[in-house]
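Subject: Structure handover

Hello,

Here is the structure I promised to pass on. Please open it alongside this note.

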Amino acid sequence: MYDVTIVGYGPVGAMLAALLGAKGRKVLVVERDTSIYPLPRAVHMDHEVFRLISLVNADEAVMAISRPTASYDFETADGDLLMGFVPPLELAPTGYPWSSIFHQPTLEKAIRADVARHPNVEVRLGVEFVSYDDSGSDGVRVTFSDDPQNPVETKYLVGCDGGRSLVRRQAGIGMDDLDFNEPWVVVDVLLKEGMDVLHKASRQICDPQRPVTSIPIGHGRHRWEFMLLHDEVDQDMTAPEKLESLIAPQLPDGVTMADIEVERSAVYTFHGVFAERWRDGRVLIAGDAAHQMPPFMGQGLCSGVRDAANLAWKLDAILSGHASDALLDTVQPEREPQIRFITETAIGMGQVVCTHDPEIARARDAEMCAGPREDRISGMPGLPPVESGGAETLNAGLPLAKDPGLDAAAVYQPILIVRSKEDAPDDAGASKVPGLHVAWLEGEGALHDPDGLLAEQLADADALLARPDKIIFGTGKANELLASYVRYLETGNGVAA
Ligand SMILES: Cc1cc2nc3c(=O)[nH]c(=O)nc-3n(C[C@H](O)[C@H](O)[C@H](O)COP(=O)(O)OP(=O)(O)OC[C@H]3O[C@@H](n4cnc5c(N)ncnc54)[C@H](O)[C@@H]3O)c2cc1C
C-alpha cells in the first residue's frame, strides 16, 4: 500500500512528492501528460516560495534563469502611472529577492529532478486517474488508466490535478465562484540572441482599446498578455498573423518582429474560484484543484507551493504516528484566508485593468492620477500571516527568517530557537516533538544569524518555534511552546482550552 498517491505532476504535485519523498514516504505520482506542461503560465514568484523550493533543491536552477522584479507598474493608455509597486532592492528576510520573474517549466523540471533522487517515489507519466473508492476503513482504492482492473491501494489520495480536478469532482466538492471572468491571450516570445529585456518594469497597460500585460522575463524571453475584445472570444487568437498584429504595436523603437520568435501562446479565462472543501476523509485537494485566481498578483503557483509545504509535513507526521488525522483539518483554515486575500486583491487589480469602456477608463485615470506621482508608488503588497496553529503571539504565522547554517541543518523539520544553550529544553522535553532541531542565538555553537533577523523575530521572548514549512508557530517559553505544538499535532489546535 502507498502512503500517499498524488494525481497530477504539475508544480504542486511535484513539490508534494519531493517533500514526502525526502521524508521517506512511499509515494505514487500519476500524471496524464508525458512531459511538462508546455504553455505559458507562471512568471512571478515571491521570496517565501523561493525559500520553500530551496527545501527541494530547486532554488539554484530557478535563480539561474530568474531576475528580481524591478517594478510592477499600472499605466494609462498615455503612459501615466496609475499605481506602481517597487520591491526593496535588498533581499527579503528569507534570503531571496522579494519578487522574482522566472520560467515555470524550469521550476517544474528542477523539482522533478529532486523527486528523482527518491527511490521511494514512483512516478507514472502518461497515465490518467479514473476513479477512487474510499469505502474501506484503512485506505483508498484508486483506479488508473494503465491498469483499470487492479486499483492501487493508498492511505491518502491528494488531487493536485489542476483547475478541472477530477479528484475534486469525484469527491463531490463544489466551487465558490467570485464572479470574475476575463478572457486573455498569453504569449511568450524569445528575443534574438544578445537581447535580454525589452524594458525593465512589469507593466499593466490599462488601455481600454486593448488592455495589455508586458513582462520582461529576462534571459532572452518576454511575455505579453492581451485582453480579448468581445467579438474575439470565438476567434483563433493564437494564429501567427493574429499574434503578430497584437505584438507589433508593443515593440519598442528599433525592435521589429524579425527580432523575436513566438515560443508559445494560449487563451485563458482569468477567474477566481474556491473549492468549498479541501478534504473529504482520506482524499485531499491542493493547488489549482482547490483555488484559482486571476494572475494579476502572480500568486496562483505560489499559493499551491505553500499548500504543498503545509500539507506534506502533516501527512508525514500522521503516517509516522506522531499526529492525529485531525491535523489535516487545519490545512484549509490555515491556507484559505490568505489565498482569499490574495485573490480578492488580484481581482481588485484586474478591475483596474480589465475595462474596454473609454468612459470608465477616463474616470479611473482621473481619480487614480489626481495626486502626486510619488504617492502612487508603494512596496509590493504584503501577504497576511497564516493561522499557525499556535497562540497569537508575536510573529506567529510569518515565515521564519533565514540563517544559512540553520536552513542547511534543519531542512523540513520543526525548529526551536532559544537565546542560549542553557535555555534549551532537556532531552526529555525536546523529544516530545519528533524531529525537533534546537538552536540558540548566543554562546558556543550559536547560530550565525548574520543580520540579526532571527534575534529580531525572537524579540523579547525566551523561545521561538517554527514548523517544518518555515511558518513561525509561536514565540514564548520553550516548554509551553513545545506542549502547545504537541497539542496541535494531537488535536489540530495548539491553544489550551
Ligand atoms: C496566464 C497565467 C499566468 C500565471 N502567472 C502566474 C504567476 O506569475 N505566478 C504564480 O504563482 N502563478 C501564476 N499562474 C498560476 C499557475 O500557473 C498555476 O497556479 C499552477 O500551474 C497550478 O499548479 P498545479 O500543480 O496546482 O496545477 P497544474 O499545473 O495545472 O497541474 C495539474 C496536473 O494534473 C494533471 N492532471 C489533470 N487531470 C489528471 C488526471 N485525471 N489524471 C492524471 N493527471 C491529471 C495535468 O495534466 C497537470 O499536469 C498563472 C496562470 C496562468 C494561466
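Below are the findings on the ligand site, the nonpolar core and two helices.

Please keep in mind that this is a predicted model.

Ligand site

Start with the ligand. It is surrounded by 31 residues. The closest are Glu31, Arg41, His44, Asp288 and Leu301. By class, the shell holds 15 nonpolar, nine polar and seven charged residues.

Three backbone contacts are worth pulling up on screen. At Arg32, a polar backbone atom sits 3.1 Å from a nitrogen atom of the ligand. Phe129 places a backbone N or O atom 2.9 Å from a ligand nitrogen. For Cys302, a backbone N or O atom is 2.9 Å from an oxygen atom of the ligand. How much of the ligand does the protein bury? Taken alone, the ligand exposes 1000 Å², and the protein buries 91% of that.

Four elements give two or more residues each to this shell: helix H1 (11-22), strand E2 (27-31), strand E16 (260-275) and helix H7 (300-319). H7 supplies the largest share, three residues.

Nonpolar core

In soluble globular proteins, nonpolar side chains tend to be buried together. Here, the largest nonpolar core has 113 residues. Ile53 and Phe74 have the most contacts inside it. H7 gives this core its largest share, 12 residues. Where does the core lie with respect to the domains? Domain 1 (2-67 + 101-176 + 273-351) and domain 2 (404-491) both contribute residues, so the core lies between them.

H7 therefore deserves a second look on two counts: it gives the largest share of the core between the two domains, and also the largest share of the ligand shell.

Helices H2 and H3

Next, H2 (residues 47-54). Eight of its eight residues are buried, so the helix is largely enclosed by the rest of the structure. The buried residues include charged ones, Glu48 and Arg51. Val49, Phe50, Leu52 and Ile53 are among the others buried there. Ile53 is also one of the two residues with the most contacts inside the core. Asp46 caps the N-terminal end of H2. Its side-chain oxygen lies 2.9 Å from the backbone nitrogen of Glu48.

Last, Ala61, which lies in helix H3 (residues 59-65). Is it buried or exposed? Ala61 has 35% relative accessibility, so it counts as partly exposed; the partly exposed class sits between under 20% for buried and over 50% for exposed. Ala61 and Asp234 are 173 residues apart along the chain, and their C-alpha atoms are separated by 39 Å.

Best wishes

Notes
Residues numbered from 1 in each chain as written. Predicted model: local features only at pLDDT ≥ 70, side-chain atom pairs only at ≥ 80, totals over all residues. Heavy atoms only, no water. Near = heavy atom within 4 Å. Polar contact = N/O pair within 3.5 Å; in protein donor to acceptor, adjacent residues only side chain to side chain. Areas by Shrake-Rupley, 256 points an atom, 1.4 Å probe, with all protein chains shown as cover. Core = buried A, V, L, I, M, F, W, Y, C linked by side-chain atoms within 4.5 Å. Buried < 20%, exposed > 50% of the residue type's maximum accessible area, 1.4 Å probe, protein only. Domains from an automatic or database assignment.
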